[in-house]
Amino acid sequence: MRYRLRGIALHVVLVFALVLFMFPFAWTLIMASNSTADIYRFPPKFTFGDQFDDNVRHVLENVAFFQSMTNTAVVAISTTALVLFFDSLAAFTFAKFRFPGRNALFVILLATMLLPAQLAAVPQFQTMALLGWVGSLKALIVPAAANAFGIFWMRQYFQNSIHDELVEAATLDGCGFLRTYWHVALPSARPALAFLGIFTFVASWNDYMWPLIVLTNPDHLTLQVALSQLNRSHGVDYSMVMTGALMAMVPLIIVFAVFARQFIKGATEGAIRG
Amino acid sequence: MTGTAIAPAPSAEPLTGRSSGQRSGRRVWSYWRFYLALSPFYVLFAVFGLYPMLSTIVLAFQRWDGLSPRRFTGLDNFRFLFEDPTFWLSLQNTVVLFFMSTIPTLCIALVLAVMLQSAVRFTGVYRIAYFIPNVTSLVAMAIFFSAVFSTNFGLINAGLRSLGIPEQDWLGQPWGIKIAVSTMIVWQWVGYNTLIYLAGLQSIPKDQYEAAKVDGAGPVRTFFSITLPQMRSIVLFTVIISTIGGLQTFTEPQVMVGNSGGTGQSGMTVVLYFYRAAFLDNDYGYAAAIALSIFMLVLLFTAINWRIFRVRGDAK
């Protein structure tokens, strides 16, 4: 009986925390389905309204939503694909082969993780201007196409999950470096690739500061920047702005919900091993 | 023949490239495949990381508005920086926000993790629900939190009003801004840290707890003498992650109170100040000096974190 009570008390606290974590989503939904006048009422309305369609229409009138969403998707998908390829290839090389300068290169890689992004932002903008990439999605994709964190993380995975004998055997069978990577390393790294892929996708989808700086054409933005502009220019029409916020986060939450288990496993394992 | 694991050579051995003595002058070039495989990261870092960072250092000693030619001004930017009250204010805001958000985040996360560990049912649901805030768009959530803290229709004020407490102009006064911003950071990061701590708790061998139980240690005693010491490296990890993230807070205040930093510039963080100097005022040299100071700040805090946890480690 005492155990029972303790168990119930435990779940009461855990559920309370869960409600707090989920509350913003519910409240966003409520605000997005009511009119702005309803939102301003006291006491506040806690039920879903029927204004959602209207609000969505207003969002689409005021901001190039689908264009921004397409831009965001293009950036997130291409960045993720490039990161998965480049990072896993480099990680496999670091994990399973020896060559002159390997350790020095790896130390450099680790050191780059300590550098804050602002340190590069100003000259990077000039570089983009020089390349003619200001306002273009290339300015978001290319610099993000390979990163130190992913290489570091995948390397640990390759070290633990692929035996040296396997790589040797593949080599003896006449597999070249690239084929060993493709046929031996990649198939065994699926869980790690899944984590790195979702991580990169989420980070890219939510990225804000650099797109804000480099995307100078107001008709050619990513979702986050478009949303922030909607908030700035139509801040009084709260139900519309909340609808925009809802529309901007839903795709990502769906992606996350599908892969949640693998992602959480990957995200927490990294910390334990490090 | 030793060396690389490159194609069809049957005698190639992946991990023994170092064993041969006659290697010395031997073609570093025979490893070209490996260097090629690593090159994307290093080339991109050289072009979009190293080069701009070195330029930033040079720029910090120059005056430049992006149009007229650059002029060397020696230490002027730094001299101005040290006398600039807004810079010091932004530094202070950043550190205050860091403490106001990190300490509650990590404490709540630790408590939740301990509770989650002893829960048997629904742990999968809890994990996913707790993690979702961490993958949610910062901009969307900043808009949400400014609505919650809004003076006219915010939920917080509605709550205060129904309790008979006078409403507050949260986003219109310095402390209100800090509370709103740090509430959002706490909301976003508690779940992530909870799951990290949970993974750490689960990696502590069970027999240690049983031994403690046999010795008659209560739950509190067990927590402080077994759980916490074992979690030291994990706590360090979360503190470092929070430090690097917290000192670079930008999106939350920028969306919630705008580029000005709000009333009394209370939401002006160092990174927001950097953004303004560079991309709104086009004062690139000065922005470079601010960027360097952010870097020093991150290094300093990371070093302090290491120090604290190292010392604790030796004392153990």
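Reader: In which helix of chain A does A:L110 lie?

Author: A:L110 lies in helix α5 of chain A, which spans residues 102-112. The model is predicted, and what follows should be read with that in mind.

Reader: How is burial judged, and is A:L110 buried or exposed?

Author: The general idea is a neighbour count: a residue with 12 or fewer other C-beta atoms within 10 Å counts as exposed, and one with 20 or more as buried. A:L110 has 11 C-beta neighbours inside 10 Å, so it counts as exposed.

Reader: How far apart are A:L110 and A:I151 in sequence and in space?

Author: Sequence separation and spatial distance are read side by side. For A:L110 and A:I151 the separation is 41 residues in sequence, and the C-alpha to C-alpha distance is 9.6 Å.

Reader: What do the two readings give for A:E61 and A:Q224?

Author: The pair is 163 residues apart in sequence, with 17 Å from C-alpha to C-alpha. A:E61 belongs to helix α3 of chain A, residues 52-62. A:E61 is exposed because there are 9 other C-beta atoms within 10 Å.

Reader: Let us turn to the two chains together. How many residues does each chain bring to the contact?

Author: Chain A brings 75 residues and chain B brings 80 residues. On the side of chain A that touches chain B, the element that gives the most is helix α14 of chain A (residues 238-273), with 15 residues. By class, that side of chain A holds 54 nonpolar, 16 polar and 5 charged residues.

Reader: Which angle do α4(A) and α1(B) make where they cross?

Author: A crossing is read from the axes of the two helices. Here helix α4 of chain A (residues 65-96) and helix α1 of chain B (residues 32-59) have axes that come within 8 Å and cross at roughly 135°. That angle is why α4(A) is called oblique to α1(B). The crossing of α4(A) past α1(B) is left-handed.

Reader: Which residues make this contact?

Author: From α4(A) they are A:F86, A:L89, A:A90 and A:T93; from α1(B) they are B:F34, B:A37, B:L38, B:P40 and B:F41. The contact of α4(A) with α1(B) counts 8 nonpolar residues, 1 polar residue and no charged ones.

Reader: Where in α1(B) is there a kink?

Author: A kink is read as a local change in the direction of the helix axis. In α1(B) a kink of about 50° lies at B:S39, shortly before the proline B:P40. B:P40 is also one of the residues of α1(B) in the contact with α4(A).

Reader: Which residues of α1(B) are buried?

Author: Among them are B:F34, B:A37, B:L38 and B:F41, which also take part in the contact with α4(A). Further along, the buried residues of α1(B) include B:F45, B:F48, B:P52, B:M53 and B:L59.

Reader: What does chain B look like as a whole?

Author: Chain B has 13 helices and 2 strands. Of its 316 residues, 43% are buried. Taking the contacts in chain B between residues at least 6 apart in sequence, 65% join residues at least 24 apart.

Reader: How many residues of helix α5 of chain B are buried?

Author: Helix α5 of chain B (residues 138-148) is mostly covered, with 11 of its 11 residues buried. Those buried residues include B:M141, B:A142 and B:F145.

Reader: At what angle do α5(B) and α7(B) pack?

Author: Helix α7 of chain B covers residues 174-202, and α5(B) packs with it at about 130°, with the axes 10 Å apart. Because of that angle, α5(B) is oblique to α7(B). Their crossing is right-handed. In the contact, B:M141, B:A142 and B:F145 of α5(B) meet B:A180, B:T183, B:M184 and B:Q188 of α7(B). The residues of this contact are 5 nonpolar, 2 polar and no charged.

Reader: Backbone angles remain. What is the phi of B:Q265?

Author: B:Q265 is not a glycine, yet its phi is positive, about 50°. B:Q265 sits in the loop between α11 (251-257) and α12 (270-280) of chain B. With 20 other C-beta atoms within 10 Å, B:Q265 is buried.

Reader: Where does B:N282 lie?

Author: B:N282 is in the loop between α12 and α13 (284-315) of chain B. B:N282 has a positive phi of about 50°, although it is not a glycine. B:N282 has 14 C-beta neighbours inside 10 Å and therefore counts as partly exposed.

Notes
Residues numbered from 1 in each chain as written. Chains lettered and ligands numbered in written order. Predicted model: local features only at pLDDT ≥ 70, side-chain atom pairs only at ≥ 80, totals over all residues. Axes fitted to C-alpha atoms, helices over the stretch in contact; angles between N-to-C directions. Helix = DSSP H or I, 4+ residues; strand = E, 2+ residues; numbered from the N terminus. Parallel < 35°, antiparallel > 145°, perpendicular 65-115°, else oblique. Left-handed = near helix turned anticlockwise from the far one by under 90°. Contact = placed C-beta atoms within 7 Å. Nonpolar A, V, L, I, M, F, W, Y, C, P; charged D, E, K, R; others polar. Bend = angle between axes of the 7 residues up to and from the residue.
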